Amino acid sequence: MNRTVNKQEILQGLSEAVVEMDDQGVVDLCKEVLDKGIDVYTAISEGLTEGMKRAGQLYNEGQYFIPELILCSDVLYTGLDILTPHLRTSKKARKLKMIIGVVEGDVHDIGKNLVKAMFTAGGWEVDDLGSDVKLEVFGDEQKKEKANVVGLSALMTTSMLAIPTAIKILRCSEPVPFILVGGAPLSGQIAKQYQADGYAEDAVKATTVAEELLRDKPD
Amino acid sequence: MPLNQGRISSEQRLSLLLNRKPVDRVPFFSFAQGFSTLNTGYSIADYYYNPEKSFYALKATARQYNFADFSLFGYASFGAWEFGGEISWPEGAYSQAPAIKRFPVESEEDVLKLGLPELATAGFIPRFVRFAELHEDSSGYYTLGIEAPFVGAGNLCSVTRLCRWILKKPEIAHKLLQVVTDFKIELIRYLAERFGTEKMIPWVGDATASNVIISPQMFAEFAMPYTKRLHENILSLGYRHIIAHICGEQNRNYPYWAQIPMGDPGIISVSQEVDLEIAMEYFPNDIIMGNITPSIIQAGTAEQIYEEAKKCLEKGKRAKSGYMLAPGCELPAKAPPYNVWTIMRCIDDHGRYD
């Protein structure tokens, strides 16, 4: 009984540590997870992930801004770095996969990095290609990684023009992923015009859009 | 259909507006940078790399489209190169502006030992000087993008690092902002001494201070005081006007921007995320400029662009201290020329004052 209470407290503590941007707190709690033999998958999904989701909610409510989300994601990654090596392989294999990158001609990567954090928190395996990514690389990577979703980001009206070309390349890859786009000059209308599958106006909404795409996918 | 040039020249119209006199019709500030050099057979990189080509391209394109004769020179990432970082020129197929390859500030220690650059030789500054020299014997106003301290601080250390310091090391963020502000004040003094203050209107943009990135409280603490000090110094040097490009979604920052002196009158460049009426409310004594959505100019139909420009004109013409139609941010470098011409046609149809 004590162990259960303790476990719940630790999970709650992990979540709080992410929300409160408490780097040392998450290190201490992750060590406790390992010391007490708490299931690592549960610690990630009900602790760290839950915390990042709450941080996202605070962002949506206008209480948190990008500085807070960056620090929350720093804490998330600190926790994941400690716990992930202890995940059992069978649980790793269940992960959905995403490839993400800022398209060629653009180096603005804050939004992309936060999308990556939100997907990582959501249990996805994220293959981050970085920024200023040559368009062919998205197709090559998709052929290798066979991701469920590819996220393309552009922050300028000129680099936005790379997105339809990247989408055409990805449509020729096998398997064809869902393509999610975002970034300041884009809108739902332009995303549709470029034949993307989804558009997210910010990092927090991106995971929801991706989950909806996968949910609505015909068998 | 040829465009109507109006009863007075573009230059006269702008001069009247800046002197708070009535004008015949709404001027158009093109915000055309790479668009102008592409339009005249050069590359986007030429706009930044070569002041002679840039000067020619801006003048020629303004004449062709009947834009306001008001040349803009600069880029948002200004500051990194000047403090010893590295930039790349926009030479790729999809590049729009110089990008930072290496930030000059990577640690708290770097901030503490940061000194001011040698103005005569640092980074892009010689190009500012050349661009200003070209205007000495030319008509028309010009504006150099010295940018706001907050975006400048992000350009030195990366926006991500600046965000971390705001929360974890605010004293380091303030120290960096002080140095960046000092640099910009020294730069504007240097330009004023060399070229006077009559024809140049300093451009102070701030995209990093958007409420998509920071809270209004963070703006009040980390952006507003430094931009205010910069503007006070600009005006004390004798510049009459400042263009404040309030870039991105900054609705909640407007009460703070309104506490910053802008000149007599200042020019408020309003991004498409902010209603022109909000800007008009906070800046009744300044010229309002904006705010056609750039991505619509790039990807929209001529009808959509015409409608958007018309809506802006209908609101903007009610601004008490004058109005300039303009894109909310840079005119897309590869915008279809017909779409740009459509904006000018809309001014012909709906931009006249009765």
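**View 1. Strands 8 and 9 of chain B, side by side.** In this predicted model, strand 8 of chain B, spanning residues 287-292, pairs with strand 9 of chain B in the parallel sense. The pairing runs over 5 bridges. For a spot to zoom in on, try Asn291(B), whose bridge partner in strand 9 of chain B is Ala326(B).

**View 2. The open sheet of chain B.** Stepping back, we find strands 8 and 9 in an open sheet of 5 strands, with parallel pairing and the order 5-6-7-8-9. Its edges are strand 5 (203-205) and strand 9 (323-327) of chain B, each of which pairs on one side only. On average, neighbouring strands of this sheet are turned by 20° against each other, direction ignored.

**View 3. Helix 1 over the chain B strands.** Here helix 1 of chain B, residues 10-18, lies across strand 7 (267-270), strand 8 and strand 9 of chain B. The helix runs at about 120° to strand 9 of chain B.

**View 4. The open sheet of chain A.** Chain A has an open sheet of 5 strands too, with parallel pairing and the order 2-1-3-4-5. Strand 2 (125-128) and strand 5 (198-199) of chain A form the edges, each pairing on one side only.

**View 5. Strands 1 and 2 of chain A, with a helix on the sheet.** Strand 1 of chain A (residues 97-102) joins strand 2 of chain A in the parallel sense over 4 bridges. Look for Ile99(A), which stands opposite Asp127(A) in strand 2 of chain A. Helix 11 of chain A, residues 203-215, packs on the sheet and touches strand 3 (149-153), strand 4 (178-182) and strand 5 of chain A. The direction of helix 11 makes about 160° with that of strand 4 of chain A.

Methods. Residues are numbered from 1 along each chain as its sequence is written. Chains are lettered from A and ligands numbered from 1 in the order in which they are written. This is a predicted model: local features need pLDDT of at least 70, side-chain atom pairs count only at pLDDT 80 or more; totals for chains, interfaces and linings use all residues. Side-chain values use heavy atoms; hydrogens and water are left out. Two strands pair if DSSP finds at least two bridges between them. Helices (H or I, at least four residues) and strands (E, at least two) are DSSP runs, numbered from the N terminus. Axes are lines fitted to C-alpha atoms, for helices over the stretch in contact, and angles run from 0 to 180 degrees between N-to-C directions. Contact means heavy atoms within 4.5 Å.
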